[in-house]
Amino acid sequence: MTQSFDAAMAGFFPGLPLAVALSGGADSTALLIACHARWPNQVVALHVHHGLQAVADDFERHCRELCLQLGVPLRVRRVDARALQGESPEDAARRARYQALQELAGPVRDIALAQHADDQVETLLLALSRGAGVPGLAAMPTCRVRGGIAWHRPLLSVAADEVRAWLRARGVAWVEDPSNADLRYTRNRIRRQLLPALQQVFPQFRDTFTRSSRHAAQAAELLQELAALDLAQVGTPPCVAALQALSQARQANVLRHWLLCSHGASASAAQLAELQRQIGACTTRGHRIDIKVGIGHVRREGLYLTWYN
């Protein structure tokens, strides 16, 4: 169920001290103000200057003025967020931002992010458009521990309009990112064209879509637990014969788990299907397997599969 801003914050219990990722937009501005009011002298703000547009300086200026007014320490990092070859601008900015936030946090082990219910719906719709599996449909978790840091999203049950109404009621200004109006970006087309249509047809879509993401998150957790059990049986590196004894679904599940957990590699659907086809055809000692997966290759060495970067 979607919640009011205050109700969502009342149920937020991070470890302290707490870092808040502050972009200068409405969502992170509201989150910082609420966290500072609840835990005075226990909050630090982290701002990442992407340098991709002229308004980036305005965002940093707003963050400095807000933190000065609140008496909240602010740490700023300027990054090169230009996309690599074959990488989308959104993915490049996200990669640079998370890396910078982790570095800025220093000894702080809890970071709060300001994604809200509309962001969650957009993430789910993007996953559906890309044919994502269960982990992708789980969208964003309310809390995930990664790199020794707990990343919190306390506003995932709060609609975007509710966040802005909370700020207006307190007379607080924020900076609007002009790129949010650029319909070249898929997220912006979803936000400006698709969400209003969903609101008309399915007024409760935020609640129902979020519920589906929670179901997917539970299913993803079960798949991960099963993959860990199967990997213990097939071994690390995996034994080809042991993989062949599994059903196709369990084989695919444990291969994804092995590649991601052992090598940080993600196989596309086509790569995984070809790998499974080769495993099934591997009936002689001389059968060769060499398939590109991610930025490396899965190869057969004797009785086992290995991965090389």
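Leaving aside its neighbours within four places in sequence, which residues is D118 in contact with? I looked this up first. The model is a predicted one. D118 has its place in helix α5. Its contacts outside the four-place window are A159, A160, L195 and R206. The relative accessibility of D118 is 9%, and the cut-off for buried is under 20%, so I entered D118 as buried.

**Entry: the chain as a whole**

I then took the overall figures. The protein chain has 309 residues, and 45% of them are buried. I listed its secondary structure as twelve helices and nine strands. The C-alpha trace spans about 75 × 45 × 35 Å along its principal axes. For contacts with a separation of 6 or more, I noted that 65% are between residues 24 or more positions apart. The exposed area of the chain is about 16,300 Å². Carbon and sulfur atoms supply 54% of that area.

**Entry: helix α7**

A160, one of the contacts of D118, took me to helix α7, which covers residues 160-169. Which residues of α7 are buried? I found A160, V163, R164, W166 and L167. Seen down the axis of α7, these buried residues fall within an arc of 155°, so they line one face of the helix. I then checked the face turned away from the buried side, and it carries the exposed residues D161, R168 and A169. R164 is on the buried list, whereas R168 is on the exposed one.

I also looked up what covers the buried residues of α7. The cover includes α1 (5-10), α2 (26-38) and α5 (117-129). Helix α5 is the one that holds D118. Just after α7, G171 takes a positive phi of about 65°.

**Entry: cavity search**

How many cavities of 30 Å³ or more does a search of the whole structure find? I recorded one. The space in the largest cavity comes to about 40 Å³. Its lining is made up of M1, T2, A117, L156, S157, R206, D207, T210 and R214. By class, I counted three nonpolar, three polar and three charged residues in this lining. Helix α9 (residues 205-234) gives the most to the lining, with four residues. R206 had already come up as a contact of D118, and here R206 is a lining residue.

**Entry: E221 in α9**

I stayed with helix α9 and looked up E221, which has its place there. E221 has a relative accessibility of 47% and counts as partly exposed. I also noted its position relative to P135. The two residues are 86 apart in sequence, and their C-alpha atoms are 8.5 Å apart in space.

**Entry: H47 in β2**

Is H47 buried or exposed? H47 is buried, with a relative accessible area of 2%. I located H47 in strand β2 (residues 43-49). Leaving aside neighbours within four places in sequence, I listed the contacts of H47 as L22, S23, F59, E60, C63, L74, R75, V76, R77 and L104.

**Entry: backbone checks**

I went through the peptide bonds for cis geometry. L16 and P17 are joined by a cis peptide bond with omega of about 0°. P17 is in the loop between α1 and β1 (18-21). T236 and P237 are also joined by a cis peptide bond, and its omega is about 5°. P237 is in the loop between α9 and α10 (240-244).

I then looked for positive phi in residues other than glycine. N41 has a phi near 70°, and I placed N41 in the loop between α2 and β2. The relative accessible area of N41 is 75%, and N41 is exposed. A139 has a positive phi as well, near 55°. A139 is in the loop between α6 (134-137) and β5 (143-146). Is A139 buried or exposed? At 13% relative accessibility, I put A139 down as buried. I closed the entry with these two residues set side by side: N41 is exposed, and A139 is buried.

Methods:
Residues numbered from 1 in each chain as written. Predicted model: local features only at pLDDT ≥ 70, side-chain atom pairs only at ≥ 80, totals over all residues. Heavy atoms only, no water. 1 Å grid on protein atoms, 1.4 Å probe; cavity = no way out; pocket = protein on both sides within 12 Å on 5 of 7 lines; lining within 4 Å. Points joined across faces, edges and corners; volume = space filled by probe spheres on them. Helix = DSSP H or I, 4+ residues; strand = E, 2+ residues; numbered from the N terminus. Nonpolar A, V, L, I, M, F, W, Y, C, P; charged D, E, K, R; others polar. Buried < 20%, exposed > 50% of the residue type's maximum accessible area, 1.4 Å probe, protein only. Contact = heavy atoms within 4.5 Å. Areas by Shrake-Rupley, 256 points an atom, 1.4 Å probe, with all protein chains shown as cover. Arc of directions from axis to C-beta.
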